[in-house]
Amino acid sequence: MATLPPLFLPLILFLSFNSSLAALLNLNVLSFGAKPDGTTDSTNAFLSAWTRACASTNPATIYVPKGRFLLRSVNFRGKCNNNAISFRIDGTLVAPVDYRIIGKADNWISFQYVDGVSIYGGKLDAKGTGLWACKNSGKACPSGATTLSFSNSKNVVVDRLTSLNSQMFHIVINGCHNVKMQGVTVIASGNSPNTDGIHVQLSSGVTILNSNIQTGDDCISIGPGATNLWIEKITCGPGHGISIGSLGKDQNEAGVQNVTVKTAKFLGTQNGVRIKSWARPSSGFARNIVFQHIVMKNVENPIVIDQNYCPGNKNCPDQVSGVKVSNVRYQDIHGTSATQVAVKFDCSSKHPCSGIRLEEVKLTYKNEVAEASCKHAAGTISGVVQPTSCL
């Protein structure tokens, strides 16, 4: 085979390098008219950058430089011509001060029908405190918007994103496959209403790693139809803990299965690890769940299964839960309870909890031995288990 003279090699390398540069489309939102002043509406500029990235057959990066960018409710929609669009955010996206502008929408920033979207860095400031105050006053208020939503999408990455003061849920993953979130920070007041940190439903292959969540509702909530979830190295508090549910609100409902929560810390939360379902007929289920290597510090309900869930005890169905809870393992869980009952299994009388396993669990209450309470629950224990098991 003939070989090229050495003279041609630098030219070939140069052409190859420039070809790879040309293949990546870099889009700065400033070039589309966005203003980093926090007061000029940059919604259309962001949408224009998205339209260009989505139309490209090559991978694209949308860059948001330092500064504050005001956005109204915005929907980034696929299907796109490529499956590698990245948002690299050095700045902060801010919602309008008037909470009513986005409060009547379901979502503030949403992605639908996308494949291969990644978000790296940045802050999302939803300015939810005004709406929280409205709700706490008892006045008629909009329900509020989720800060960041992905629906009917796949191959999504969210890395080192911060969500501040969401009106409602901070991040929602709905109808998605293969989602990885890591280094996520969620911050909202401990008394902010319905501000779940990360909510996952009707989705599979979701991983949540190395995240710190401080909010007024569940740090992570897992809804119907969530399967194959891996949640690891989470710090939660204030908040309502990590919850599977609420389940069983609908008669015909997809179940939850294959969920692992590993290496988590709960700091002064209302709950630790919780499974909750409404007391009404349902085809739902929760099975093959693992909670392991968990530390509780002054948690009101460290381990709880509540199949008579009814927040505020208002308009409770007062029936029997049809949700079947089975094969739940609690392994290496230590710390302190803020109430005397540290382990509570309040299961369905029609479908008792089965396959509950406690392994190396040690929870105390004010330096005393705590208590456990069981209704309609069956399972086994191994190793040291405190409080004394009621299974």
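These exercises walk you through disulfides, one helix, one cavity and two pockets.

The model is predicted, so local features need pLDDT of at least 70 and side-chain atom pairs count only at pLDDT 80 or more, while totals for chains, interfaces and linings use all residues. Residues are numbered from 1 along each chain as its sequence is written, and side-chain values use heavy atoms, with hydrogens and water left out.

**Exercise 1. How many disulfides are there, and what pattern do they follow?**

Step 1: Start with the rule, which calls two cysteine sulfur atoms within 2.5 Å a disulfide. By this rule there are six disulfides.

Step 2: Now count the bonded cysteines along the chain. The pattern of the links is 1-2, 3-4, 5-6, 7-8, 9-10, 11-12.

**Exercise 2. Describe the link of cysteine 54 and cysteine 80, and work out which parts of the chain it ties together.**

Step 1: Check the distance. The sulfur atoms of cysteine 54 and cysteine 80 are 2.1 Å apart, and the two form a disulfide.

Step 2: Look along the S-S bond. The angle about it is -105°, and the link of cysteine 54 and cysteine 80 is left-handed.

Step 3: Place both ends, remembering that helices (H or I, at least four residues) and strands (E, at least two) are DSSP runs, numbered from the N terminus. Cysteine 54 sits in helix 2 (residues 43-55), and cysteine 80 in the loop between strand 5 (74-77) and strand 6 (85-89), so the link ties together parts that are 26 residues apart in sequence.

Step 4: Ask about the surroundings. Buried means under 20% relative accessible area, exposed over 50%, and partly exposed in between (1.4 Å probe, protein chains only). Cysteine 54 and cysteine 80 are both buried.

**Exercise 3. For the links 134 to 141 and 310 to 316, find which cysteines are buried and which are partly exposed.**

Step 1: Take cysteine 134 and cysteine 141. They form a disulfide with sulfur atoms 1.9 Å apart, and at -100° about the S-S bond their link is left-handed.

Step 2: Cysteine 134 has 8% relative accessibility, so it counts as buried. Cysteine 141 has a relative accessible area of 23%, so it is partly exposed.

Step 3: Turn to cysteine 310 and cysteine 316. A disulfide joins them, S to S 2.1 Å, and the link of cysteine 310 and cysteine 316 is left-handed, with -100° about the S-S bond.

Step 4: Cysteine 310 is buried because its relative accessibility is 9%. Cysteine 316 is partly exposed because its value is 23%.

**Exercise 4. Why is cysteine 176 too far from the closest cysteine sulfur for a bond?**

Step 1: Find that closest sulfur. It belongs to cysteine 80 and lies 14 Å from the sulfur of cysteine 176, so the gap is too far for a bond.

Step 2: Check the accessibility. At a relative accessible area of 4%, cysteine 176 is buried.

**Exercise 5. Test the length of helix 2 and find its buried side.**

Step 1: The expected span of a helix is 1.5 Å times one less than its number of residues. For the 13 residues of helix 2 this gives 18 Å, and the end C-alpha atoms are 18 Å apart, which agrees.

Step 2: List the buried residues of helix 2: Thr43, Ala45, Phe46, Ala49, Trp50, Ala53 and Cys54. They cover an arc of only 165° around the axis (taken from the directions from the helix axis to the C-beta atoms), so they lie on the same side of helix 2.

Step 3: Look at the face turned away from that buried side. It carries the exposed residues Asn44 and Thr51.

**Exercise 6. What kinds of residue line the largest cavity and the two largest pockets?**

Step 1: Learn the terms. On a 1 Å grid over the protein atoms alone, a cavity is a set of points where a 1.4 Å probe fits but cannot get out; a pocket is an open set with protein on both sides within 12 Å along at least five of seven lines; lining residues have an atom within 4 Å of a point. Grid points are joined across faces, edges and corners, and a volume is the space filled by probe spheres set on the points.

Step 2: Sort residues by kind. Ala, Val, Leu, Ile, Met, Phe, Trp, Tyr, Cys and Pro count as nonpolar, Asp, Glu, Lys and Arg as charged, and the others, Gly among them, as polar.

Step 3: The largest cavity has a volume of about 90 Å³. Its lining has 12 nonpolar, no polar and no charged residues, and Phe46 of helix 2 is one of them.

Step 4: The largest pocket holds about 740 Å³ of space. Its lining divides into seven nonpolar, 14 polar and nine charged residues.

Step 5: The second largest pocket holds about 260 Å³, and its lining has three nonpolar, eight polar and one charged.
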